[in-house]
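Please look through the sequence and the structure shown below before reading on. The report that follows takes up the sheet, the helices, the cysteines and a few single residues in turn.

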Amino acid sequence: MAIHDRGLAGMIPRGENAGRLYLQCPAGDSPEQWPDQRIWSELAARFGTDVPSGKIIDKRIVPLRCVVYSPMSHGRLYLLGDAAHIVPPMSAKGIHLALYDTEVFARAIIAKIKEGDASGLGNYSDTCLRHIWNYQAFAAWLTELMHNAGDASYEGDFRKEVARAELERQFSSEAASRLFSELSAGLL
């Protein structure tokens, strides 16, 4: 990850010969405005060094959004994972939340079938939503922080400096670092 005056950049490995690239760009841009050479050049500029390049097989401009449907059930219909909530990719919590929903739902189904206890199904939405809102708050905070810290055009110079101060705190405060680590690891 890199925070640069032109915006956030990220390279996430996806195996030995593949990766996922992230470049913060203006919301009105289209993939056609970002040919491969521009992407590689921009990554090198934001990282401050040459980066390994290769064929880019998919380009998308992804709106960074948070969505939560509440309640997560209606009658015998139950929503799990992305059907119930979406978090921006910056927080890397989509699979974590989907697995949590699945575990809560599976335990509720097992209790209903084995013991005739439907309370888990009745409480499914409330149980999951307490967990989901905690991670939605983390995802929204992290996304805003990372996007504001580099590019002042995102929300202005004031928010840029506030974001940089928040990032610095992650490295200088043991309490802030511990909370970030716990949220990142999914321990809360």
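Two strands are said to pair if DSSP finds at least two bridges between them. With that in mind, and remembering that this is a predicted model, we can turn to the hairpin that β2 and β3 form, with 5 residues between them. In the turn of this hairpin, Gly15 has a positive phi of about 105°.

**The sheet at the start of the chain**

The hairpin belongs to an open sheet of 3 strands, whose order is β1-β2-β3 and whose pairing is antiparallel. Because β1 (2–4) and β3 (19–23) stand at the edges, each with a single partner strand, one side of each is left without a neighbour in the sheet. Direction ignored, neighbouring strands of this sheet are turned by 10° against each other on average. As a general point, strands of a sheet pair through backbone hydrogen bonds, either parallel or antiparallel.

How many bridges join β2 to β3? There are 5 bridges between these two strands, which run antiparallel, and within this part of the sheet Ile12 stands opposite Arg20 in β3. On the other side of the pairing, β1 is joined by 3 bridges to strand β2 (residues 7–13), again in an antiparallel arrangement, and Ile3 has Leu8 in β2 as its bridge partner. Helix α1 (residues 36–47) lies across β1, β2 and β3, and runs at about 105° to β2.

**The chain as a whole**

The protein chain contains 6 helices and 7 strands, which follow one another from the N terminus in the order β-β-β-α-β-β-β-β-α-α-α-α-α. Its C-alpha trace spans about 60 × 40 × 30 Å along the principal axes. Of the 188 residues in the protein chain, 33% are buried. Among contacts between residues at least 6 apart in sequence, 53% join residues at least 24 apart.

**Two helices that cross**

Towards the end of the list of elements, the axes of helix α5 (residues 157–172) and helix α6 (residues 174–185) come within 6 Å and cross at roughly 95°. Since angles of 65 to 115 degrees count as roughly perpendicular, that crossing makes α5 roughly perpendicular to α6. The residues that meet are Arg169, Gln170 and Ser172 in α5, and Glu174, Ala176, Ser177 and Phe180 in α6. Sorted by class, this contact of α5 with α6 has 2 nonpolar, 3 polar and 2 charged residues.

**Cysteines without a disulfide**

Why is there no bond between the sulfur of Cys25 and the closest cysteine sulfur? A disulfide calls for a pair of cysteine sulfur atoms within 2.5 Å, whereas the sulfur of Cys25 is 18 Å from the closest cysteine sulfur, in Cys66, and this is too far for a bond. The sulfur of Cys66, in turn, is 17 Å from the closest cysteine sulfur, in Cys128, which is also too far for a bond. By this rule the count comes to 0 disulfides.

**Single residues and their surroundings**

The table collects the relative accessible area of several residues, together with the class that follows from it.

| Residue | Relative accessible area | Class |
|---|---|---|
| Cys25 | 22% | partly exposed |
| Cys66 | 39% | partly exposed |
| Ala92 | 56% | exposed |
| Ser125 | 7% | buried |
| Glu155 | 43% | partly exposed |

Ser125 is found in helix α3 (residues 119–148), and, leaving aside its neighbours within four places in sequence, Ser125 is in contact with Pro71, Met72 and Ser73. Pro71 lies in the loop between β4 (67–68) and β5 (73–74), and a cis peptide bond, with omega of about 0°, joins Ser70 and Pro71.

Ala92 lies in the loop between β7 (85–86) and α2 (94–115), and Ala92 has a positive phi of about 55° although it is not a glycine. For comparison, most residues other than glycine have a negative phi, and most peptide bonds are trans.

Glu155, finally, has its place in helix α4 (residues 152–155). Apart from its neighbours within four places in sequence, Glu155 is in contact with Glu144 and Asn148. The C-alpha atoms of Glu155 and Glu144, which are 11 residues apart along the chain, are separated by 9.4 Å.

Conventions. Residues are numbered from 1 along each chain as its sequence is written. This is a predicted model: local features need pLDDT of at least 70, side-chain atom pairs count only at pLDDT 80 or more; totals for chains, interfaces and linings use all residues. Side-chain values use heavy atoms; hydrogens and water are left out. Axes are lines fitted to C-alpha atoms, for helices over the stretch in contact, and angles run from 0 to 180 degrees between N-to-C directions. Helices (H or I, at least four residues) and strands (E, at least two) are DSSP runs, numbered from the N terminus. Angles under 35 degrees count as roughly parallel, over 145 as roughly antiparallel, 65 to 115 as roughly perpendicular and the rest as oblique. Contact means heavy atoms within 4.5 Å. Ala, Val, Leu, Ile, Met, Phe, Trp, Tyr, Cys and Pro count as nonpolar, Asp, Glu, Lys and Arg as charged, and the others, Gly among them, as polar. Buried means under 20% relative accessible area, exposed over 50%, partly exposed in between (1.4 Å probe, protein chains only).
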